[in-house]
Amino acid sequence: GVVSRAGWVRTETDPKDIVSVPVSKVIEVSRKLDGRRENFLVEYKPFAGLSDVKPIRAISALAKARDFSESYWETFLNRDTRKEDSLRLKMLIAGRLSQIDRPDFARISLTASRWFKYAGPALRTDAPPSFERLWSHFIDTLKAESEASGSALVRQSDDVDWVMEAINSPAGNLAELHMTDPAKNGLKVGGGFPRGWLKKVRELLGLPGDSRRYVLAIFTFNLHWFHAIDPSYTDRTFVSILEKTKDTTDKEAVWAGFFWGARVPHTKLYVRMKPLLLQTAREGSALRRKHSEILSGIILAGWGSRHRGKSLISDAEYRSILLGADDQFRAHTLWQLERWSTDEKWSKQVVPFLRNVWPRQKKARTPKISGRLADLAIHQERNFPEVVSAVVPLIMRPDDGALTLYRLRSADSGVMRSHPDA
């Protein structure tokens with residue numbers, strides 16, 4: 001309930017007052033009954049109850065109402081009981097939604113797309129004609145009606161969160177629904193996509209404005225998978241946006257989806273994206289700051305991975321990135337290395353990283369970084385003395401050095417007890 005000055009407001013959904021009303025009058029009567037009456041601590045919503053206990057009557061009332069009832073459609077579609085609907089009822093709802101005129105459908109497109117994301121998989125499998133009709137109605141509406149293209153999230157500034165907007169938009173919900181299609185399961189690496197499945201991808205990518213960007217964010221969350229199945233299609237459709245497109249909003253949406261995935265690309269995709277990753281890491285842009293934590297991990301993973309006998313990111317390339325980056329990026333890099341160094345493979349990489357990669361210039365020697373270097377050393381169970389000797393030359397100013405060595409000496413850990421002379 002909702003708190004009022006005198007206590008909690010309870011919602012009463014008992015539909016007894018509208019159950020026997022003629023179907024064509026249900027919405028009209030519901031409007032009169034809604035809200036608070038003599039007991040101001042009770043809010044009456046009889047249509048919500050009708051949607052639960054007599055859903056067919058509720059949907060008939062929506063269809064026969066004199067005017068389009070946006071709020072009542074949303075009430076009906078949002079009820080938890082929709083998750084228990086039979087296939088037959090899902091088909092009825094899909095059919096009614098498909099018959100709503102586009103301008104009106106646009107007004108409920110977000111709520112309807114949320115319902116479709118949940119009910120769609122069953123319809124796609126067991127009632128394909130119902131699924132296809134409603135899918136086409138969504139696509140046509142999103143193309144024709146600008147009201148349907150927005151997100152539930154209101155932008156507070158020019159710094160757009162494409163992922164959060166995408167998962168709260170009709171286009172994003174359709175893209176997420178499409179990624180549940182069983183037609184994409186079990187595809188072979190390099191084998192390409194089924195024609196019918198790809199047709200819907202193209203329909204979604206053909207949507208205008210921000211709707212298309214929401215689709216890009218959802219699909220590029222799965223960029224590694226797209227590239228594994230069809231590298232050339234993925235390069236043309238998604239990666240090329242990062243290389244050629246002058247529209248920075250398209251780029252931002254693709255990067256947002258990619259970094260949301262928080263996965264290290266497989267080797268073939270890493271090699272393809274390496275120039276773009278290096279460029280993004282070097283640019284002092286909002287993009288790098290926004291995705292600093294994930295980007296720093298992907299760059300570190302590239303340095304630690306080998307391709308044709310060489311690291312995907314060379315020592316010199318990495319040093320250049322770290323030198324051109326800000327303290328936040330450098331700190332994230334050390335934090336990531338500290339986390340991964342619990343693994344033996346990465347534990348062996350710590351000293352080479354500090355000696356061959358980490359920049360020795362003054363700008364990389366801040367109190368924050370000195371603290372991170374100390375934390376990294378403290379967590380090295382296997383090679384603590386070697387790491388300490390590699391860390392100390394990276395601290396320039398005496399006060400920083402004293403602080404770091406103090407942290408190393410006073411560390412309450414098994415490391416210091418194991419290596420008292422370090």
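The legends below describe close-up views of a predicted model.

**Figure 1. Confidence across the predicted model.** The protein has a mean pLDDT of 89, and 90% of its residues reach 70 or more. Among its elements, helix H10, residues 170-178, has the highest mean pLDDT, at 98. The lowest mean belongs to strand S1, residues 2-4, at 47.

**Figure 2. Ser113 in helix H7.** Helix H7 runs over residues 109-126 and contains Ser113. Is Ser113 buried or exposed? Its relative accessible area is 0%, so Ser113 is buried. Leaving aside neighbours within four places in sequence, Ser113 is in contact with Phe138, Ser169, Pro170 and Asn173.

**Figure 3. An aromatic pair, Trp197 and Trp225.** The whole structure holds 28 aromatic pairs. In the pair formed by Trp197 and Trp225, the ring centres are 5.6 Å apart and the planes stand at 80°. Planes over 60 degrees apart count as edge-to-face, so this pair is edge-to-face. Trp197 belongs to helix H11 (residues 195-205) and Trp225 to helix H13 (residues 223-229). The two residues are 28 residues apart, and their pair links distant parts of the chain. Trp197 has a relative accessibility of 2% and therefore counts as buried. Trp225, at 18%, also counts as buried, because the term covers values under 20%.

**Figure 4. The ring cluster around the pair.** Which residues do ring pairs link into a cluster with Trp197 and Trp225? The other members are Phe193, Phe219, Phe226, Tyr233 and Phe238.

**Figure 5. Ala262 in a loop between two helices.** Ala262 sits in the loop that joins helix H15 (248-261) and helix H16 (267-282). Its phi is near 50°, which is a positive value in a residue other than glycine. With a relative accessibility of 44%, Ala262 counts as partly exposed.

**Figure 6. Gly297 in helix H18.** Gly297 is part of helix H18, which covers residues 292-303. The relative accessible area of Gly297 is 6%, so this glycine is buried. Not counting neighbours within four places in sequence, Gly297 is in contact with Gln336 and Trp340. How far apart in space are Gly297 and Pro367, C-alpha to C-alpha? The distance is 22 Å, while in sequence Gly297 and Pro367 are 70 residues apart.

**Figure 7. Arg308 in a loop between two strands.** The loop shown lies between strand S5 (306-307) and strand S6 (310-311), and Arg308 is found in this loop. Arg308 is not a glycine, although its phi is positive, at about 55°. Arg308 has a relative accessibility of 77% and so counts as exposed.

**Figure 8. Helices H20 and H23 packed together.** Helix H20 spans residues 327-340 and helix H23 spans residues 367-378. The two helices pack at an angle of about 5°, and their axes are 9 Å apart. Angles under 35 degrees count as roughly parallel, so H20 and H23 are roughly parallel to each other. On the H20 side the contact is made by Asp327, Gln328, Arg330, Ala331, Leu334, Trp335, Leu337 and Glu338. On the H23 side it is made by Lys368, Ile369, Arg372, Leu373, Asp375 and Leu376. How do the residues of this contact divide into nonpolar, polar and charged? Seven are nonpolar, one is polar and six are charged.

**Figure 9. Arg330 within helix H20.** This view is centred on Arg330, a residue of helix H20 that takes part in the contact with H23. Arg330 has a relative accessible area of 3% and is therefore buried. Neighbours within four places in sequence are again left aside; Arg330 is then in contact with Leu322, Leu323, Ala325, Trp358, Lys363, Ala364 and Ile369. One of these, Ile369, is among the H23 residues that make the contact with H20.

**Figure 10. Val387 in helix H24.** Helix H24, residues 384-391, holds Val387. At 0% relative accessibility, this valine counts as buried. Which residues does Val387 touch, not counting residues up to four places away in sequence? They are Val350, Val351, Leu354, Ala377 and Gln380. Val351 is 36 residues from Val387 in sequence, and in space the two are 5.7 Å apart, C-alpha to C-alpha.

How values were computed: Residues numbered from 1 in each chain as written. Predicted model: local features only at pLDDT ≥ 70, side-chain atom pairs only at ≥ 80, totals over all residues. Heavy atoms only, no water. Helix = DSSP H or I, 4+ residues; strand = E, 2+ residues; numbered from the N terminus. Buried < 20%, exposed > 50% of the residue type's maximum accessible area, 1.4 Å probe, protein only. Contact = heavy atoms within 4.5 Å. pLDDT = per-residue confidence, 0-100. Axes fitted to C-alpha atoms, helices over the stretch in contact; angles between N-to-C directions. Parallel < 35°, antiparallel > 145°, perpendicular 65-115°, else oblique. Nonpolar A, V, L, I, M, F, W, Y, C, P; charged D, E, K, R; others polar. Phe/Tyr/Trp six-rings, centres within 6.5 Å; stacked < 30°, edge-to-face > 60°.
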